[in-house]
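Trainee: Could you take me through one part of this model up close? I'd like to look at a single helix and then see how its surroundings fit together.

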Amino acid sequence: MANDTSEKTPLLDNEDDSSEYRRSREQVKSLYLKASSQRPGIIGPEDLYCRNTINISASNSNFQDIKEADYIVAIFVVAFDTRTGNIIEWCKPEDSDLEGVEFKAMASGSHTILKDFIYFKKDNLYGLSCFENMPVESELERGARMKSVGILATSYTSLYRHMQFLENQVRHQLETPGRYDQLKAFWEDRKGSLPMSHPGRSLVSPMTEIPRADMRITHPAGCFSQFLKFFGEQIFVLWKYALLRRRILFFSPPPIGVVCYRVYCACCLARHTIPEIPEKPLKPHFYVNIADIDRLETEVSYLACTTEKIFQEKSHLYDVYVDNQNVETHIPSLQDMLRLNDSDRDKYSKLLNQSEEVYATLPRTVSEELYSRDIEDDEVADDEQVFITFFTEQNNRIFQTLLDVASTSDRTLTMDHMRSMGLDPIRDRQFVMDLVELHGIDVMLVIDNPCCGV
């Protein structure tokens with residue numbers, strides 16, 4: 001039975017849960033089929049560090065390489081047992097450390113929906129699982145059979161490649177319980193392997209031959225545009241918190257798959273390419289539950305999502321709590337940033353215009369159906385590139401201005417400097433003070449005539 005709640009405002013569509021799941025999955029499905037058809041072979045773990053290079057670009061002129069091991073280390077089946085709850089029913093290899101995975105791969109509240117897909121983090125590994133709830137005529141199972149099939153990998157950048165397989169397998173496990181032959185064959189074929197691009201070329205998105213940010217090789221077309229549409233002007237509230245590397249927790253009732261997309265999109269809000277400011281990428285935790293409390297207590301910065309409302313009461317675990325479209329914080333110094341100012345609205349208008357210009361170049365039929373069907377590569381609007389380029393250039397402008405001011409004799413940051421960074425000279429004062437303190441930039445912030453050491 002689909003979840004019927006007034007809090008439901010999905011990222012990829014404003015329809016019922018099953019329609020939302022279907023549309024987002026159809027887009028991932030097309031990526032999977034194209035990527036798997038280009039898979040030339042298998043490589044071993046010893047080759048990964050020297051051959052797995054993902055080219056990413058935050059703008060058309062700034063490219064960098066990320067070398068990251070990315071291969072499958074475990075595959076598993078999680079089942080809901082009416083007597084003992086979530087259990088690991090089967091896994092490969094048999095000695096895998098899967099403690100807690102049974103509660104990550106099947107999110108709290110999943111019994112209220114029919115399907116979901118879940119990204120999560122287990123220690124230093126990343127996982128993806130597909131969940132399904134199938135009605136059965138069985139008193140022992142209380143009328144419902146629920147399972148998840150998932151994988152663990154060393155990185156999240158290519159998990160989507162296996163989503164179609166996982167979705168098919170969870171249905172197979174529901175219909176024919178205990179038959180693991182296909183899962184065993186998958187494990188033997190894919191363990192320690194990575195789908196690679198053609199020889200002599202770096203691994204890039206299956207949707208385009210142009211190097212893009214690593215986000216592209218994980219999410220469906222339209223993800224960033226729908227993130228923008230979902231949060232509207234409040235995206236610049238999230239942007240400030242992300243740039244300050246705060247602990248941000250997204251809450252939503254199930255399904256949680258599309259909320260994992262929001263976590264992912266939020267990760268790129270703080271991107272920049274200024275070498276003097278070491279970039280520490282925001283690492284997503286994706287779905288978390290009460291079993292993650294001890295880990296979250298030690299984190300100084302993270303982005304995550306949950307279906308467990310109890311987290312809202314544990315304010316020591318987060319700085320910013322996002323309940324669907326409601327953004328709140330209990331930290332006094334961050335509360336002023338909740339209020340949008342004219343500079344925020346101006347930036348939002350510019351971002352919106354840039355996004356609309358991209359879609360205006362598409363044929364009408366394509367732009368109308370962009371999120372409702374599988375489309376060809378050359379028809380996909382490059383919403384990701386617009387999104388990442390906008391925020392990277394905005395962040396570059398801020399950091400470069402701060403560094404330039406710090407190199408002057410008086411180190412005075414004036415109201416004109418604030419405006420040149422696209423910030424409000426008065427309302428963004430606390431934001432800038434926190435930012436320069438975070439990065440140890442030695443400037444003096446001047447408002448009107450008084451000055452304050454920062």
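Mentor: Let's settle one term before we zoom in: a residue is buried if its relative accessible area is under 20%, with a 1.4 Å probe and protein chains only as cover. Keep in mind too that this is a predicted model.

With that cut-off, take helix α8, residues 257–267. The buried residues there are G257, V258, V259, C260, Y261, R262, V263, Y264, C265, A266 and C267. That is 11 of the 11 residues, so α8 is largely enclosed by the rest of the structure. Notice that R262 is on the buried list along with the likes of V263 and A266.

Now look at what comes before the helix. P255 sits in the loop between β8 (247–251) and α8. The peptide bond leading into P255 from P254 is cis, with omega near 5°. Most peptide bonds are trans, which is a reason to look at this one on screen. There is another cis bond elsewhere, from K92 to P93, where omega is near -10°; P93 belongs to the loop between β4 and α3 (101–104).

Back to our helix, and to a residue that touches it. Apart from neighbours within four places in sequence, F250 contacts F231, V259, R262, V263, A266, L303, A304, C305, T306 and V322. Four of the names in that list, V259, R262, V263 and A266, also appear among the buried residues of α8. F250 is also one of the three residues that touch the most other members of the largest nonpolar core, together with Y119 and I235; that core has 105 residues. A second, separate core holds 11 residues, including F251, I293, L317 and Y318.

I235 takes us to another helix, α7, which spans residues 235–243. Nine of the nine residues of α7 are buried, so this helix, too, is largely enclosed by the rest of the structure. The buried set in α7 is I235, F236, V237, L238, W239, K240, Y241, A242 and L243. Just after α7 comes R245, with a positive phi of about 55°.

The contact list of F250 includes C305, and that leads to a pair of strands. C305 in β10 is the bridge partner of Y287. Strand β9 (residues 284–287) and strand β10 (residues 302–306) run parallel and share three bridges. To get from β9 to β10 the chain passes through helix α9 (residues 293–298), and this β-α-β crossover is right-handed. Within strand β9 you'll also find F286, whose phi is positive, about 60°, although F286 is not a glycine. F286 is buried as well, at 1% relative accessibility.

V322 is on that contact list as well. A little further along, N324 lies in the loop between β11 (320–323) and β12 (326–329). N324 is not a glycine either, yet has a positive phi of about 55°. At 5% relative accessibility, N324 counts as buried. Most residues other than glycine have a negative phi, so backbone angles like these are worth a check when you inspect the model.

For a contrast in secondary structure, try strand β3, residues 72–81. Eight of the 10 residues in β3 are buried, so β3 is largely enclosed by the rest of the structure. On one pairing, β3 runs antiparallel to strand β7 (residues 144–153), with seven bridges, and F76 stands opposite G150. β3 also pairs with strand β4 (residues 85–92), again antiparallel and over seven bridges; there V78 has I88 as its bridge partner. A hairpin of three residues connects β3 to β4.

Finally, the wider frame for all this. The chain has 15 helices and 15 strands, and 58% of its 454 residues count as buried. Of the contacts between residues at least 6 apart in sequence, 67% join residues at least 24 apart. As for confidence, the chain averages a pLDDT of 77, and 70% of the residues score at least 70. Be careful with residues 363–381, where pLDDT stays under 50; the model has 36 contacts for them beyond four places in sequence. Residues 449–454 are also below 50, with 16 contacts beyond near neighbours in sequence.

How values were computed: Residues are numbered from 1 along each chain as its sequence is written. This is a predicted model: local features need pLDDT of at least 70, side-chain atom pairs count only at pLDDT 80 or more; totals for chains, interfaces and linings use all residues. Side-chain values use heavy atoms; hydrogens and water are left out. Helices (H or I, at least four residues) and strands (E, at least two) are DSSP runs, numbered from the N terminus. Buried means under 20% relative accessible area, exposed over 50%, partly exposed in between (1.4 Å probe, protein chains only). Contact means heavy atoms within 4.5 Å. A nonpolar core is a set of buried Ala, Val, Leu, Ile, Met, Phe, Trp, Tyr and Cys residues joined through side-chain atoms within 4.5 Å. Two strands pair if DSSP finds at least two bridges between them. A crossover is right-handed if, with the strands pointing away from the viewer, the path from the first strand over the helix to the second runs clockwise. pLDDT is the predictor's confidence in each residue, from 0 to 100.
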